[in-house]
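Please study the sequence and the model displayed below, and then work through the exercises in order.

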Amino acid sequence: LCFAVSGGNICTTRGVNSCKQCLAVSPLCAWCSAEVRAGSSPRCDLRTNLLQNGCGQDYIEFPTSTVTILEDRPLSNKGSESSTTTQMSPQKIQLNLRPDDSQIFRVQVRQVEDYPVDIYYLMDLSNSMKDDLRNIQNLGTKLASEMRKLTSNLRIGFGAFVDKPISPYMYISPPQAITNPCYEIGETCLPMFGYKHVLSLTDEVTRFNEEVRKQSVSRNRDAPEGGFDAIIQATVCDEKIGWRNDASHLLVFTTDAKTHIALDGRLAGIVQPNDAQCHIDKDNFYSASTTLDYPSLGLMTEKLSQKNINLIFAVTDTVVGLYQNYSELIPGTTVGTLSRDSSNVLQLIVDSYGKIRSKVELEVRDLPEELSLAFNATCLNDEVIPGLKSCMGLKIGDTVSFSIEAKVRGCPWERQKSFTIKPVGFKDNLTVVVNFNCDCSCESQAEANSSSCSRGNGTLECGVCRCNPGRLGSHCECSEEEYNPSQQDNCSPQPGQPLCSQRGECICRQCVCHSSDFGKVTGKYCECDDFSCVRFKGQMCSGHGQCNCGDCLCDSDWTGDYCNCTTRTDTCMSSNGLVCSGHGSCVCGKCDCTQPGSYGDTCEKCPTCPDACTIKKDCVECKKFERGVLMEQQSCSRMCRDEIETVQELGDRGKDAVNCTYKDEDDCVVRFQYYEDSSGKSILYVIEEPDCPKGPDILVVLLSVTGAILLIGLAALLIWKLLITIHDRREFARFEEEKARAKWDTGHNPLYKEATSTFTNITYRGNM
């Protein structure tokens, strides 16, 4: 805030001549109110300079900006612990701000466990919802059973709507159609009505079932319904509905059609705007249905916020896009796709409640126009996200904090104002009382017609004379009628330069600046004004700052020479909770996509980028298994805002779910499902145990190897035996063949002598 200008600083170069003007120059400037001072040092200077120049501590006007906590109850842990549950801390603070100064304060918000819940079921009872009415006859019991898992204190109620009972919204011909709108289709149904309150909030869930069974449908003429009439009545009629102060308020709106909005009532000649007052008569019907127009989105938003009600649009797929657009304009609203017969409404309510409880978003009410706020959010793992005033992906019991910088511009006429900051849908809020320290304490000691001001020609205030009309000079010693050219030497910064910057007259050795239709001309030499700053799109300082002597003093959440560059990053947050989807950086509130191939408002479109499975694989690794690249880089919490849920099997969650498979470092197959709901909450459903290949069985391996060796040896022996047998047979065959071919010679061998010798007994005569 302090910088050199012509050898001085911002406090001494603005040419101020009063304490109040000095304080408005910069938060660093101080004023010396001593009447007698040594030398010619400036009265408006830095505090340290004033002390060095001999101004006593008691004469220095230097108010400081402070933050004082006035009320600070500790946060509760459970909603059932005491009669008063605290989900936001502190509850009341006081800011003392001097002009163009800022102060930072912190708030904490916690979604406490077991917090009471009020659910009011508002149903479209036109003829197309006949099947739906049958399917919710036991909703009370089922809903209570499911919600008991989240809260021990549940109350539910019921209301119904059709449309305004007046032409052209209703059937008036034939006459029987007035009492029985289903006459032409051969059925019997109830006469048409705008809105009727059926059951106040109660913990007797069986009564809900009983009352629903008593209901019948009606029939209207045109396609849109009058649901917004019912929403505004269910919101503002506190006593009839029975909304509790210490409870979460859920208004479930179910329909399969579009709805009329403000100004549609002109079709029936209804021109009186909706007054947002309760008009439920003794019979629990909306009595002003035919006299008041439909409410506007702005009016509904205001009343829903005042009553801390979260609206849930449970609508069929044909109109879900329309109500999604409505939800973007109404904070704290969620949208769910209702099946044709409302068979999934129970799960839809439970899921919507989970979405509501998983997000904390701050809203500001009645902020003075002189103040600007800049938010920084600390959501999970102590990570600070600049420019954000909401946190997503929370669990019940989580505590988040926000640092808020409040900066004041100028000085309002009213010196004390207040505003509130509250989480959307919470009853808790922070009241901020702001005191604007624009005045000097020495002003209360002003001496009128002081002798120090040239014998009573002015008021001595804060050490200087505030001259009476027609008098000029540091001590009011000159009169405007007394003009002397020799006194002009003191009216230009340097010899030869124009007097009073050609924007004033030199009277009594000081410049009297001309008035201007464009703004105020100020300064010792009339060198400053509040209208000569640069403009952007036709607005000075882009409409986000103040012009001070040719320089733009930007609001707290804007920067740049033109004050046209916002420092907020919430406009760059994508649905996955990352700034610019992790594919770029946020520059002046817009995404600069640096990832090749990425585009879109938040760089969310990137055909050439890794697919969802590739991106979310690293998140599964770090959040589920606590390993991987993101864990090593310690960026898991920043890059992965997904909620991890361990499941046994991956269910079918429709087109918004992507099934993924990958192999980890252990060669195990990990299967998970990436799902993003309508609110942008990302959930990763991971199979509990990866599918890993089983390790080898040592015994089996040993037996297998031994068996293989034996088999191989036996096979080798058999082969060897076979080869030997074949060889022997071949040799024997060859022998036999050669033997058969052999031709033995039978001729007489002279050397051959027979082995047998024959002798004759000469004495033998034979038998006698």
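The exercises that follow concern disulfides, burial and a surface patch.

This is a predicted model, in which local features need pLDDT of at least 70, side-chain atom pairs count only at pLDDT 80 or more, and totals for chains, interfaces and linings use all residues. Residues are numbered from 1 along each chain as its sequence is written, and side-chain values use heavy atoms, with hydrogens and water left out.

**Exercise 1.** State how many disulfides a search of the whole structure finds.

*Solution.* A disulfide is defined as a pair of cysteine sulfur atoms within 2.5 Å. The search of the whole structure gives 23 disulfides.

**Exercise 2.** Describe the link of Cys467 and Cys476 and its handedness.

*Solution.* Step one: the disulfide between Cys467 and Cys476 has an S to S distance of 2.1 Å. Step two: the value about the S-S bond is -100°, and the link is left-handed. Step three concerns burial, where buried means under 20% relative accessible area, exposed means over 50%, and partly exposed lies in between (1.4 Å probe, protein chains only). Cys467 has 24% relative accessibility and therefore counts as partly exposed, whereas Cys476, at 0%, is buried.

**Exercise 3.** Determine whether the disulfide of Cys554 and Cys563 is left-handed or right-handed.

*Solution.* Step one: the sulfur atoms of Cys554 and Cys563 lie 2.0 Å apart. Step two: the torsion about their S-S bond is about -90°, so this disulfide is left-handed. Step three: Cys554 is buried, with a relative accessible area of 15%, and Cys563 is buried at 0%.

**Exercise 4.** Locate Cys572 and Cys586 along the chain, and give the handedness of their disulfide.

*Solution.* Step one: Cys572 is joined to Cys586 by a disulfide with S to S 2.1 Å. Step two: the torsion about the S-S bond is about 65°, so the disulfide is right-handed. Step three: the pair links distant parts of the chain, 14 residues apart, with Cys572 in the loop between β34 (565–566) and β35 (584–587) and Cys586 in strand β35. Strands here are DSSP runs (E, at least two residues), numbered from the N terminus. Step four: Cys572 is buried at 0% relative accessible area, while Cys586, at 22%, counts as partly exposed.

**Exercise 5.** Which loop holds Tyr562?

*Solution.* Tyr562 lies in the loop between β33 (558–559) and β34. With 36% relative accessibility, Tyr562 counts as partly exposed.

Conventions. Helix = DSSP H or I, 4+ residues; strand = E, 2+ residues; numbered from the N terminus.
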